[in-house]
Structures are given as structure tokens and as C-alpha cells.
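Visitor: Please take a close look at one packed pair of helices, and then show me what surrounds it. Keep it brisk.

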Amino acid sequence: MSKSAAIRFVLDGEVVEINDVDPTRTVLQFLREDLRRTGTKEGCAEGDCGACTVVVAEVNRDGDDLVVRAINSCIQFLPTLDGKELITVESLTPNDGSLHPIQRAMVDEHGSQCGFCTPGFVMSLFALYKTNDNPGRQEIDDALAGNLCRCTGYRSIIAAAKAMYVNAAQGDDWLTQPGGAAPDRIAKLKALRRDDSLELEYHGRRFYAPTSVSELASIYKQNPDATILAGGTDVGLWVTKQHRDLETVIYTGGVPEMCDVRVSKSHIEIGAAATLTDAVPIIVEHYPGLEEMFRRFASPPIRNAGTLGGNIANGSPIGDSMPALMVIDTLLLLRCGDVEREILLDDFYLDYQVNDLQAGEFVAAIKIPLADENAIVRSQKWSKRFDQDISAVCTGYHLVLQDNEVASFRMACGGLATTVKRASNAEAALHGKVWNEASIEHACEALVNDFRPISDMRASGDIRLRACQNLLRRFFFETQGDGLETVYSYGRQR
Amino acid sequence: MDASVRLPARHDSAVGKPLPHDSAHLHVTGLAAYIDDLPEPRDLLHLAVGMSEVAHARVTSIDLAQVRAISGVVDVCVAEDITGDNNYGAIVADDPIFATGLVEYVGQPVFAVAAETVDAARKAARLANIQYEELEPILDPLTAVEKSSFVLPSETLSRGDPQSALNSAPHRLARRVSLGGQDQFYLEGHIAMAIPQEDGCVLVHSSTQHPDQVQSMVARATQRSAKDVTVICRRMGGAFGGKESQAALIACIAAVAVDKTGRACKLRLDRDDDMIMTGKRHDFVIDYDVGFDDTGRILGVDFEFASRCGMSADLSGPVNDRAMFHCDNAYFLENVRVLSHRCKTNTVSNTAFRGFGGPQGMFAIEYVIEDIARALGKDPLEIRRRNFYGIDERNVTQYQQTVEDNIIDEIFDQLTASSDYQARREEIRAFNSSSSILKRGISITPVKFGISFTSTILNQAGALVHVYKDGTVQLNHGGTEMGQGLYIKVAQIVADELKIGVDRIRIMAADTSKVPNASATAASSGADMNGMAAKRAAAKIRTRLTEFAARHFSVAEADIDFHDGHVTVGDRQLEFAELVQLAWADRVSLSAAGFYKTPKINYDRDTFSGRPFFYFAYGAAVTEVVVDMLTGENRILRVDILHDCGDSLNPAVDLGQVEGGYVQGAGWLTSEELWWNDSGELGTHAPSTYKIPTCSDLAPDFRVELMQSVANREDTIYRSKAVAEPPLMLALSVFHAIRDAIATSDTAMPDLHAPATPEAILRAIEAASHE
């Protein structure tokens with residue numbers, strides 16, 4: 001199989017080709033330090049503030065449309081741009097000294113004060129502009145959930161998010177109009193498509209972007225110490241924050257079959273490299289009770305890069321997806337070389353950031369059983385802030401009632417132990433019991449034996465446990481038709 | 001319903017127009033240059049700081065071998081490399097640049113690495129092997145009080161006879177409440193770039209609110225005189241007080257490294273390092289003891305404040321003084337004592353943050369007011385009105401300044417009507433009686449905030465205006481731009497003075513070589529002081545032009561009129577540029593400096609009495625929230641604000657300040673929590689763990705108005721009022737709305753501490769259900 005040794009992507013209509021670069025160099029470093037394109041800012045270097053937001057466009061699987069998404073350039077490694085178009089705040093600004101409709105709206109609505117977060121907001125707004133032609137307040141909030149502004153209080157930025165459509169330019173410039181076809185751009189990107197895999201070497205560091213699962217499996221088996229890179233929303237921080245040297249990196253995002261989300265007769269099968277943005281709508285369609293948790297899961301730029309596979313393989317005890325996926329008996333498809341095996345997510349975690357993966361083995365896919373019509377499935381997230389926060393407690397429930405008796409109850413929690421884990425005592429306390437408040441109180445008492453949470457910056461141990469008990473109570477009330485509204489849905493309605 | 005705003009009608013002059021921020025078109029295109037965006041000198045070195053890993057220890061040895069071994073590292077600077085004073089403390093010299101012998105907080109700078117790349121410097125800075133002999137740390141204010149560990153002596157401000165009033169009062173309440181600090185979380189972290197110049201001079205680009213102090217401290221640390229140090233700052237990516245005193249640390253390190261290496265050096269702090277290394281808003285423990293009558297009138301109140309100052313004094317003296325000055329908020333306290341402890345702890349030295357102690361003092365009295373209302377079963381609104389300052393009586397503050405401009409009753413009248421407060425309170429009561437999980441709450445709180453630096457000498461400002469032969473203008477003044485819109489406001493003032501368009505004025509960076517000895521851009525006074533100084537500078541040039549025109553065209557000065565970029569001289573009409581050209585040819589000086597010192601203020605720090613403030617700014621907010629009684633999670637549902645900016649210089653800028661201040665204050669009191677572990681390590685040092693408000697946290701119904709037709713009674717610049725700090729305290733209504741919501745359960749007075757995180761709210765509900 002032939003190998004390419006150059007990264008190619010489009011910037012401002014030109015193909016940029018780079019073959020001599022540290023593969024863990026971030027897109028932000030490349031922009032600011034190598035190109036001196038300083039419009040894109042570094043605010044935190046961990047994907048939490050949005051000052052570094054850029055937009056990446058790529059051709060969809062059918063080859064007939066562009067997928068346009070905002071990402072955090074501060075934690076995105078440069079080689080992951082291969083085959084894509086990079087759009088920065090400079091790309092939007094017309095050459096004639098005028099302003100882009102979004103920029104015009106931000107000026108007119110007084111949407112900038114200190115201005116440091118502003119290019120990032122402009123780019124998140126650009127992603128919204130290209131994907132939604134009439135967003136309401138909630139869609140605007142969601143689109144901007146990954147951008148922090150410390151000056152304005154956001155009112156003026158929300159006003160700009162509406163005014164930008166009023167300013168929309170006539171004509172055929174794809175950049176200045178909402179939506180719109182982009183045949184030229186698609187053609188240019190298609191010309192960059194590669195059949196071979198990308199392989200870079202820089203002062204002993206190696207970066208592989210295989211194009212098939214079998215190739216990936218083979219490379220990883222030969223390099224079991226390599227770092228598997230999917231969305232990079234955690235691995236990026238190993239470099240930017242921990243200053244780790246990653247000698248060998250294997251990127252999964254170039255493997256089309258691993259980016260797919262398919263629904264079979266029994267399962268939703270999510271390739272381990274599928275982004276959360278691609279995977280979540282399908283999961284929520286089958287499991288509407290997970291909607292609010294997934295809405296609160298990180299932010300759009302993180303979900304646009306981050307993967308469900310990464311969230312699971314990374315195995316953080318505060319990963320948001322796992323409590324829910326655990327209780328619905330999600331399976332992981334693991335692969336090592338040519339050997340595949342399946343394992344229940346529930347059996348996957350052994351200890352703090354220790355999982356069942358063997359050397360050279362990786363998560364290839366996540367298999368979520370289709371919803372059982374008789375089951376109530378719900379996930380709750382408890383954190384200091386609604387958007388873009390990490391859970392202090394996260395719960396998942398799977399409940400089957402027969403004549404108001406508990407035929408089956410599964411509950412898993414994050415944030416309460418060294419791994420996401422099932423609440424087996426609480427489950428046992430409810431099994432076969434009448435689904436009523438008294439039974440729930442017994443289960444709450446049993447929870448004390450399930451978890452001994454620690455205190456940290458997100459919450460104290462005793463209150464985490466109390467919150468978990470109250471979340472279980474809340475789940476019960478919801479099944480009784482009470483408390484169906486959260487403060488968030490209530491606030492949105494009014 | 002959506003967010004709504006109302007702007008006052010436009011004036012017929014550049015002043016009062018809602019012009020966009022002068023850099024808005026640069027912000028949105030990414031072309032606004034912050035210091036890290038400036039072209040880098042050819043041989044620039046990048047710095048990173050090696051920090052103490054323990055809270056309190058003697059340093060027994062520092063081994064830097066591994067630091068130096070990293071590829072790209074050029075040099076390392078330690079305390080011994082500082083040729084001048086190893087200190088950047090401006091008021092009290094207790095702030096070492098690099099620790100020597102003793103480290104007093106986790107994150108204290110010990111050395112700096114200079115390397116060819118940012119990555120190499122940051123990587124190397126972690127590799128020092130520092131040996132410590134650990135000492136017992138003091139990690140919270142109460143322990144500090146217990147051990148008499150203070151950065152400055154405790155102070156007492158009193159009036160009347162609070163003890164007798166307390167003893168004889170029909171009702172009495174006492175409570176201890178804790179109030180968290182707050183990180184400034186400016187989006188642009190601390191940064192300085194120092195560039196060696198000829199003949200021993202140095203140029204420092206510093207992200208600072210106080211270039212003059214950076215100049216002084218760099219000079220002191222590097223054995224230079226002030227004339228050999230130039231400090232420039234065109235703009236900051238936010239500051240909020242955080243870049244007032246502590247920017248000097250960053251600049252001093254860069255300048256020291258310049259002298260050591262002979263090369264230009266840039267220090268840009270990583271976000272985590274910034275949050276660990278530099279100071280924040282002081283957290284307070286507040287004890288109150290209040291006596292009141294059946295109507296809720298306060299008869300006597302005793303406050304004891306213990307604030308976390310951290311390891312050094314920094315600005316903690318004036319911050320805590322301002323807390324004492326603002327423990328009245330808008331209320332007349334006839335008999336009052338405030339005892340203020342300035343606690344020395346082994347944590348980062350706390351510093352200025354929007355409000356500067358005022359918010360903490362106001363938080364204290366608002367808690368008292370709320371408790372009185374709840375104890376008497378009355379609406380807190382009634383208790384607030386009962387205790388407001390009077391107009392002709394009950395109008396002297398506890399520091400003996402007469403409140404001459406009180407408009408808080410008018411503001412409350414208007415706002416309670418426009419917000420439909422009473423009807424909503426009834427509706428909320430009905431809702432809560434039928435809803436067990438979700439409870440709503442509402443609160444209206446006032447703001448009265450004193451404007452001026454309490455240190456009288458700082459109330460001075462300078463400006464320098466140049467008019468060029470083509471009739472365009474360069475505007476310099478001592479103020480710095482951190483996003484607050486100061487520069488456009490001052491440009492509007494100069495445009496109005498010369499009757500030219502704002503587009504003919506180039507706004508220049510704050511530069512110590514243009515305007516010397518400038519005070520910090522702080523205390524909300526930037527526009528008041530620099531605006532007046534710039535107006536005076538421009539007025540001098542206009543006077544010269546008038547005198548010249550009268551002479552040249554032989555007309556009376558009274559017959560000369562500047563308007564719309566033109567000058568009418570008798571029956572002649574000239575363009576402004578034409579007159580300037582003629583004046584230049586006649587050898588008239590077209591450059592002038594202006595100076596302003598705030599009048600009327602005088603105050604004796606020894607007795608805490610006099611007139612520290614030129615005037616007061618007022619406002620009020622009504623906030624309604626919903627709280628989940630099982631999870632403690634909450635949302636702001638509706639906000640109504642009425643705020644007083646006097647005759648606004650730029651209502652769009654002022655509106656932005658009011659909105660942003662409120663949201664920032666709401667963050668302080670709800671989701672923003674600083675958390676240290678038992679070793680004194682800050683656990684919340686990045687946006688992943690420290691949660692400022694996001695877009696969705698803005699209330700779905702957000703109504704903000706600037707007070708109409710309320711010219712400042714004092715002769716301020718165009719009768720405007722300072723904005724900046726005062727609106728932050730509008731968010732006290734958020735905290736009390738939450739408390740109102742959870743008070744509908746088993747207790748009237750939940751023991752809620754700030755910030756009201758879901759955890760704090762659950763604890764308050766828990767405690768209540770066990771009462």
C-alpha cells in the first residue's frame with residue numbers, strides 16, 4: 001500500500017501542503033506561529049473557552065454536500081485537517097475592507113467589548129449561519145455553548161446572531177450567505193481525497209492515518225505503545241497542558257467505516273471514530289430520555305471533534321455518556337489485529353482509568369441495543385453550570401415496570417467512584433418491589449453502600465451522594481408525571 | 001419574551017451617541033492586535049515561570065539542571081539575577097518577584113526559563129527539582145484570624161453607639177455567612193513583551209491597567225530610572241482589576257530576563273498558570289449582629305469581616321476599606337461598627353476585581369436586610385425602603401459623607417412598576433404553593449456605589465492631544481482600554497470639543513512616554529478623569545485656534561463658531577483643516593496637554609471620615625429565578641434593570657457595561673467557585689473547572705434600561721456618571737431570589753452561602769429541613 005507523507009488541506013482557496021511538521025503541532029500553533037494569522041486566539045488551550053474557534057468544512061460521505069463545523073483549534077492536531085478546508089476569521093473578511101454579514105452584525109449590535117473572544121464567536125456564528133437559516137434562542141445558545149465571553153453578558157451577541165441573517169449578502173459567494181451549494185469547494189476537496197493512508201515522520205515521531213480498520217489494527221498491533229487519536233479532545237491536552245511527547249500517534253478519523261453510524265435490526269452501531277455530533281441525534285431519536293444529558297455534553301466544538309468511542313475508551317469516571325450506555329447494555333466491539341470480540345460496557349472498566357483492552361487492542365465500535373418499548377431510560381447530569389461543564393454526578397436508569405412492580409431496574413453513576421459503575425445495592429433494593437416512594441427511599445439508603453464519593457473541586461463527597469439520592473427521587477417523580485420539567489426546560493418555555 | 005433594551009435619545013453631538021466600540025471592526029475581523037499578536041523581534045525568547053509546589057516552606061535547594069537540559073532552553077533567571085529590588089509590591093514591598101528562601105503559596109514564582117519556543121520554556125519550567133522544608137500553612141481566613149495572621153492591621157469604622165442600640169433593640173439577629181472569591185477570567189491572560197533599546201533603555205508591551213506602575217516596578221527591579229523604561233498598552237483582552245497591580249510581576253520577569261539574556265523576551269502565562277499564580281477577588285467570612293424595630297428599621301448593626309488577602313498586602317488595604325465604606329449600600333446605618341480583618345493566608349495574593357471590596361460590603365448588608373424581612377414576615381422590598389438613605393435627613397454615611405445625590409427611591413418607584421413586582425410576587429407565591437420540586441423566587445436589590453479612588457492622590461489624570469496640519473488628531477491619555485469603551489468615549493469628548501468627526505481622531509495606545517504618572521484605569525473613574533483631561537487639552541488647542549482666527553481675520557472671538565468639522569469666522573466658512581493649516585503657518589502650537597484632578601474629595605484615612613467619593617452611582621435590579629429543590633440547580637428567568645449613568649457619554653457602551661456587569665456578578669454568586677484542597681492547591685484553575693456564565697445562562701427575558709434625564713449633580717464630564725463597577729452589584733438580586741425560592745420550604749431564613757452552587761443550595765435546603 002502506498003503512503004503519503006504530506007498533509008494537504010484548503011485555506012482561502014489554496015491547497016496548503018505540509019510535510020515537515022511535528023504531527024502533534026496544533027492547528028492554533030500553526031495559524032499563529034507559522035502563518036502569523038493571529039486573528040484566532042488562545043484563551044485556555046484546552047477547548048473550554050472557544051477563543052480559538054475555527055470552522056472546518058469537509059465533503060460528506062455521499063460526496064454531494066459540505067459538512068461545516070466549528071472546532072477548537074487549540075487542541076486539534078494539524079494532520080487531522082488532511083483533506084478538509086480550514087476557515088478562519090481572516091477567511092471571512094472581504095478583501096475590499098467591508099465586513100462579512102456576521103461581522104457587520106457583531107459591530108452593529110455592540111457584540112464585542114474587549115474583543116478577545118470575538119473571532120471565536122464569529123466563527124461559531126459562521127457555523128450556525130451555514131447550518132441553520134433561522135435559529136431560535138435555544139439553537140443560538142447551543143451553537144455558542146463553547147464560547148465564553150467575560151464582558152458583554154451575551155445579550156448583544158444573541159442579537160447579532162439574529163441580525164446576521166438580515167445582513168446576508170446577495171450573490172453567489174458561499175462564505176457570505178447562509179446555507180447554499182458549494183460545488184467548487186466540493187470539487188477542490190474531492191481532489192484532495194486519498195486512497196492511500198497518510199503517514200508522517202518528524203524527528204522520530206510518527207503519525208499514521210490509516211484508511212481501513214484492518215490497516216489500523218495492523219499498525220496498532222505493531223505499535224502497541226502508540227497513542228490512538230480520535231477527536232483529540234483529551235489527547236490534545238496531553239500535549240498542550242501536560243507537555244507529553246507522543247512518539248507514535250494513530251489517527252482513527254481517516255477510517256470511513258469507523259466514522260459511520262448505522263442502525264441494524266438490533267443495535268445502533270456507532271463507529272468508534274464517529275463524532276458525537278454525528279452519533280448523538282440517532283441515539284436520542286431512539287432514547288429521548290437522554291436528550292438533556294447529551295445537550296449538556298461538552299459544547300458544539302468539542303462534540304464536533306470528540307467521539308463517543310473516545311469518551312468510552314478514555315474511561316474517565318466523569319464521562320457523561322457511560323452511565324446511560326451502561327444501563328442499556330451497550331456492547332463494545334474490540335479489535336486486536338484480525339481478532340474481534342465483544343464486551344459489555346459494564347464489564348469494560350476495571351479501575352481508575354484501567355480498562356479491559358489488551359496490548360494492541362482498540363475499541364472499534366459501540367453497539368447500543370435498540371430501545372425496549374417497555375423500558376424507561378433516562379440520564380441526568382448534575383453540575384455547576386448547564387452548558388460545557390463536567391458532571392459532579394451523572395446517572396443512567398433503565399426501568400421496566402409490570403403492574404407497578406419493578407421487573408427490572410438498572411442504575412449506573414458517574415462521579416461517585418473511580419469508574420462509572422452500577423449501583424448494585426440500589427438495584428437490588430428495588431428489584432421486585434412496588435414502584436413507590438417507600439421503595440425509592442429504601443433504594444436511596446442502599447445507595448450509601450454503593451458509593452463513597454470523594455470531595456473535589458466539583459462537589460463534596462457527602463453532597464454528591466445526597467444529589468445522587470435526590471436524582472433517583474427525581475427520576476421516580478418523573479415516572480409519576482411530576483417534575484417532568486427541569487429548571488432548564490422550564491426556563492426555556494417561558 | 002426576548003431580551004429588550006431601551007437606549008436614551010441621541011444628543012446632537014458626538015457625545016451621547018451610541019457609537020460602536022472604536023475597535024469593533026478590528027475585533028470582529030481578528031485584526032485588533034493584542035500583545036501576543038504583535039510582530040515578534042527577530043531574536044525573541046519565550047519565558048515560562050517555575051512555581052512553588054507547596055503553600056508554605058523554606059526552600060532548601062533549587063536544582064535546575066533538568067530545566068537547562070531541555071532542547072531550546074537558553075537561560076534561567078532566579079532571584080539572584082535581579083539587579084534591583086526583588087519586589088513588585090507598590091503599596092507594601094512584600095511581593096517578591098522570585099521567591100528567595102521562603103515560598104508562601106502554591107504557584108509563587110521561583111524562577112523563569114527563557115527558551116527559543118513557548119513549548120520548550122513551558123516544558124522545562126516543570127522540571128526543576130526544588131527541595132522544601134515545609135512549614136504549616138494557613139489556608140483560610142478564620143484560621144488566620146485565630147492565629148492573628150494579617151497582612152495589614154485590622155481596622156474599625158464606627159458611628160453612633162451600636163452596642164447600646166443592639167442591646168435595647170426589640171429584635172435581634174446574628175449570623176455568619178461565607179462569600180466566595182472570584183477569578184477575573186479575562187480571556188487574554190497576563191502577558192508582557194520586553195524589548196531592549198539603545199543606551200540601556202527598555203520598551204515593555206504590557207497587558208496592564210496601570211502602565212505607570214509597571215514602569216516604576218520595572219525600573220525598580222532592573223536598577224533603571226523611569227526615563228529609561230517605556231510601557232505601552234493599546235488594549236487588553238479583558239482585565240476587570242486583575243491587571244491593575246499584578247501585571248507588574250509579569251513585566252518585571254520579562255525585563256529581568258531581557259537584562260540577563262540581552263534579547264527581547266515575552267512572557268505569556270498559560271491559562272492554568274495565570275489562574276494559579278495571580279490574584280482574585282477576596283473571599284470573605286462575614287459575621288453580623290443586627291438590632292431592629294417592628295417596622296424593620298435597623299437600629300444598630302455590628303459587622304466583622306475576615307477577608308482572604310493571601311500572602312501579601314497587594315491592594316488588600318484599599319479593597320477592604322471599600323468593603324467597610326459599602327457595608328451601608330443604600331441604607332442609613334445610624335449605629336454601626338465594622339471590624340475588618342485583612343487576613344494573611346498561604347494562598348495567592350488577592351487583588352482588585354470590579355467592585356474592589358464594595359460587592360462584599362454590600363452583600364453583607366443585603367443579607368441583613370433579607371433576614372430582617374424574613375424574621376418579621378415582611379417583603380424585603382418594604383424593609384429596603386424602610387432603611388434607605390433620606391434626602392434631607394438620615395443622609396450621612398458611616399464615614400461622614402453626606403449623600404447629596406440620592407435617587408434610589410425614584411429608581412425603586414420606576415422599577416417596581418415597570419417590572420410588575422407586586423403582581424409577580426403574588427403569582428410566584430401561588431405557583432410555589434402548587435409546585436413541590438420547582439420553586440420560584442424574586443428579589444429587588446439596590447446599588448449605591450461611591451465613585452473615586454479612596455486614595456485621594458490617585459484621582460488625577462493627564463492627556464496629550466496633537467492636531468496635525470491636515471486637521472486630523474492623535475489622542476493620548478493615561479487611561480487604558482480593556483474593553484470597557486473608555487477610548488471611544490474620550491474620542492467622542494475630544495470630537496465634540498473640536499467639533500470634528502470621531503473618524504478624524506486616531507486613538508493612541510496608553511504610553512508612558514506620552515502621558516506620565518497616570519493612575520490605574522480603575523475605580524470606574526477612567527472616563528470621568530481621562531475624559532476631562534482630554535477635554536481640557538483639546539480646549540486649549542481650540543482656544544489657540546480661536547485666538548488665531550480672531551487675529552488673522554480681524555473678527556471678534558465671539559463671532560467664531562466651531563461646528564460639524566467647520567469653523568465659521570464672522571461671515572467666512574472654513575473647514576477645520578483649513579484653519580489648522582493657517583494656524584500652523586502662523587506658528588501656533590497645535591499640541592496641548594490637559595490635566596484633571598477630581599474636586600471636592602478629601603478624606604482622612606486615620607479616622608475613616610470625610611468625603612472619599614465625588615458622587616454615587618445608583619441602580620437596581622429585579623431578578624426572578626427557578627430552583628430545583630431536589631438538585632439545587634437553578635435558572636434566572638427574568639431580569640429587570642434600571643441603572644443610572646447620569647447623562648450617558650455613550651449609551652451603547654454603558655448598556656454593555658450594565659449587562660456585562662450583571663452577568664459577571666451573577667457568575668460570582670452562583671456558578672463561579674474557587675476551590676483549594678487541604679494542601680493549598682487551587683483545584684479550579686481552568687475553564688474546565690471554573691465556570692463563568694455561558695450564553696444559555698442569560699435570562700430568556702432580560703430587560704435593561706438606563707435611567708433617563710438624570711444628569712450628574714456634580715460637574716463631571718458632560719454630567720455623566722461612571723459605570724464599569726456599579727452594575728456588577730445588581731446581581732445581588734440573583735442570590736436573594738434564589739434564597740427567596742428555597743425559603744418557601746420549612747424555614748424562612750435558609751443558611752445559604754455564596755456562591756449559590758447546586759451544592760450550596762442543597763446544603764441550605766438540608767439544613768432547613770433539619771431545623
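Guide: H3(A) passes H4(A) in a right-handed crossing. The model is predicted. The two helices pack at an angle of about 125 degrees, and their axes lie 10 Å apart. Angles over 115 degrees but not over 145 count as oblique, so H3(A) is oblique to H4(A).

Which residues make this packing? From H3(A) come A:Ile102, A:Gln103 and A:Met106; they meet A:Thr118, A:Val122, A:Leu125, A:Phe126 and A:Tyr129 in H4(A). By class, this contact has 6 nonpolar residues, 2 polar and no charged ones.

Now H4(A) by itself. The helix has 14 residues. From first C-alpha to last it reaches 20 Å, close to the 20 Å expected at 1.5 Å a residue. H4(A) is also mostly covered, with 13 of its 14 residues buried.

Both helices have a further role in the chain contact. That contact takes 73 residues from chain A and 73 residues from chain B. On the side of chain A that touches chain B, the elements giving two or more residues include helix H3 (101-108) and helix H4 (118-131). Also among them are helix H2 (89-92), helix H5 (137-143) and helix H6 (155-166). Helix H18 (461-479) and helix H19 (487-493) of chain A are listed too. H18(A) gives the most to this side, with 8 residues. By class, the side of chain A that touches chain B has 32 nonpolar, 21 polar and 20 charged residues.

Chain B offers another covered helix, H14(B), residues 486-498. Its 13 residues should span 18 Å at 1.5 Å a residue; the end C-alpha atoms are 19 Å apart, which agrees. In H14(B), 13 of the 13 residues are buried, so the rest of the structure largely encloses this helix. Just after H14(B), B:Lys499 takes a positive phi of about 55 degrees.

For a strand residue, turn to A:Val377 in strand S18 (residues 375-382) of chain A. Is A:Val377 buried or partly exposed? A buried residue needs 20 or more other C-beta atoms within 10 Å. A:Val377 has 19, so it is partly exposed. Leaving out residues up to four places away in sequence, A:Val377 touches A:Tyr287, A:Gly289, A:Leu290, A:Ile328, A:Ala371, A:Tyr397 and A:His398. A:Leu290 is 87 residues from A:Val377 in sequence, but 7.5 Å away in space, C-alpha to C-alpha.

Key
Residues numbered from 1 in each chain as written. Chains lettered and ligands numbered in written order. Predicted model: local features only at pLDDT ≥ 70, side-chain atom pairs only at ≥ 80, totals over all residues. Contact = placed C-beta atoms within 7 Å. Helix = DSSP H or I, 4+ residues; strand = E, 2+ residues; numbered from the N terminus. Nonpolar A, V, L, I, M, F, W, Y, C, P; charged D, E, K, R; others polar. Expected span 1.5 Å × (residues − 1). Buried ≥ 20, exposed ≤ 12 C-beta atoms within 10 Å, placed from the backbone. Axes fitted to C-alpha atoms, helices over the stretch in contact; angles between N-to-C directions. Parallel < 35°, antiparallel > 145°, perpendicular 65-115°, else oblique. Left-handed = near helix turned anticlockwise from the far one by under 90°.
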